[in-house]
Amino acid sequence: MSDVLKYDENCLFCKIIRGDIPSAKVYEDDLCYAFRDINPQAPTHILVVPKVHMRSVAEVNRHNEALVGHIFTVIAKIAAAEGLEGGYRVISNCGPDACQSVPHLHFHILGGTKLGERMG
Ligand code: 5GP
Ligand code: ZN
């Protein structure tokens, strides 16, 4: 399947990746795109998304696992570039029980302050 077919015309993050909806870009390469969350929940709140449309972590499999590994390499680079020496949290909400609101796989990077101990 070509990447063109993996674009979902109804998907907010697909539109952001294409530039159809503006975003504050932090990083981009052939495989992924990172931008600042519009409603930040920490001083640094960045979203990292694969450029191909996939709904969530539930769609990660042996065919696309290298892409997710690449995204984590990018996450570490972004965290260093953002100066998050004190640490940071990476979250991916998956499905309704996790309150996933945008059905395009994304990883939140949260940092720049001491985060709360509770995660759920
Ligand atoms: P979720 O709840 O699915 O884990 O996270 C979706 C995130 O996308 C939320 O933190 C929300 O603030 C962010 N978001 C929703 N719409 C937009 C938008 O148009 N632009 C940006 N930059 N972030 C958005
Ligand atoms: Zn999408």
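How are the donor residues of the zinc ion (ligand 2) spaced in sequence? The pattern is C-x2-C-x38-H-x50-H. One of the pairs in that set links distant parts of the chain: Cys14 sits in helix α1 (residues 12-18), while His53 is in the loop between β3 (44-50) and α2 (65-81), 39 residues apart. Before going on, please keep in mind that this is a predicted model.

Now the zinc site itself. The ligating atoms are SG of Cys11, SG of Cys14, ND1 of His53 and ND1 of His104. They coordinate the zinc ion (ligand 2) at 2.1 to 2.3 Å. What is the arrangement of the four donor atoms? It is tetrahedral, because the angles they subtend are 105 to 116 degrees. As for the pair I mentioned, are Cys14 and His53 buried or exposed? Both Cys14 and His53 are buried.

Next, the strands. I will start with β5, residues 107-111. Five of its five residues are buried, so β5 is largely enclosed by the rest of the structure. Taken face by face, Phe107, Ile109 and Gly111 are buried on one side, and His108 and Leu110 are buried on the other.

Which strands are joined to β5 by bridges? One of them is β3, which runs antiparallel to β5 and is joined to it by five bridges. Another is β4, residues 88-91, also antiparallel to β5, with four bridges. Here is one position from each pairing. In β3, His45 stands opposite Leu110 of β5. From the other pairing, Val90 stands opposite Ile109 of β5.

That brings me to His45, the last residue I want to show. His45 is part of strand β3. Its relative accessibility is 4%, and buried means under 20%, so His45 counts as buried.

What does the side chain of His45 meet? A polar atom of that side chain lies 2.9 Å from the backbone nitrogen of Gln41. There is also a polar contact of 2.8 Å between the side chains of His45 and His108, and His108 is one of the buried residues of β5.

Leaving aside residues up to four places away in sequence, His45 touches Phe35, Arg36, Asp37, Asn39 and Pro40. On the same terms, His45 also touches His108, Ile109 and Leu110.

To recap: the zinc ion (ligand 2) has a tetrahedral set of four donor atoms, β5 is joined by bridges to β3 and to β4, and His45 makes a side-chain polar contact with His108.

How values were computed: Residues are numbered from 1 along each chain as its sequence is written. Chains are lettered from A and ligands numbered from 1 in the order in which they are written. This is a predicted model: local features need pLDDT of at least 70, side-chain atom pairs count only at pLDDT 80 or more; totals for chains, interfaces and linings use all residues. Side-chain values use heavy atoms; hydrogens and water are left out. Donors are N, O and S atoms within 2.8 Å of the metal (3.2 Å for Na, K and Ca); water is not among the atoms, so sites may look incomplete. Four donors count as tetrahedral if all angles lie between 85 and 135 degrees; four count as square planar and six as octahedral if opposite donors are over 155 degrees apart and all others between 65 and 115; anything else is irregular. Helices (H or I, at least four residues) and strands (E, at least two) are DSSP runs, numbered from the N terminus. Buried means under 20% relative accessible area, exposed over 50%, partly exposed in between (1.4 Å probe, protein chains only). Two strands pair if DSSP finds at least two bridges between them. A polar contact is a pair of N or O atoms within 3.5 Å; within protein, one must be able to donate a hydrogen and the other to accept it, and residues adjacent in sequence count only if both atoms are side-chain atoms. Contact means heavy atoms within 4.5 Å.
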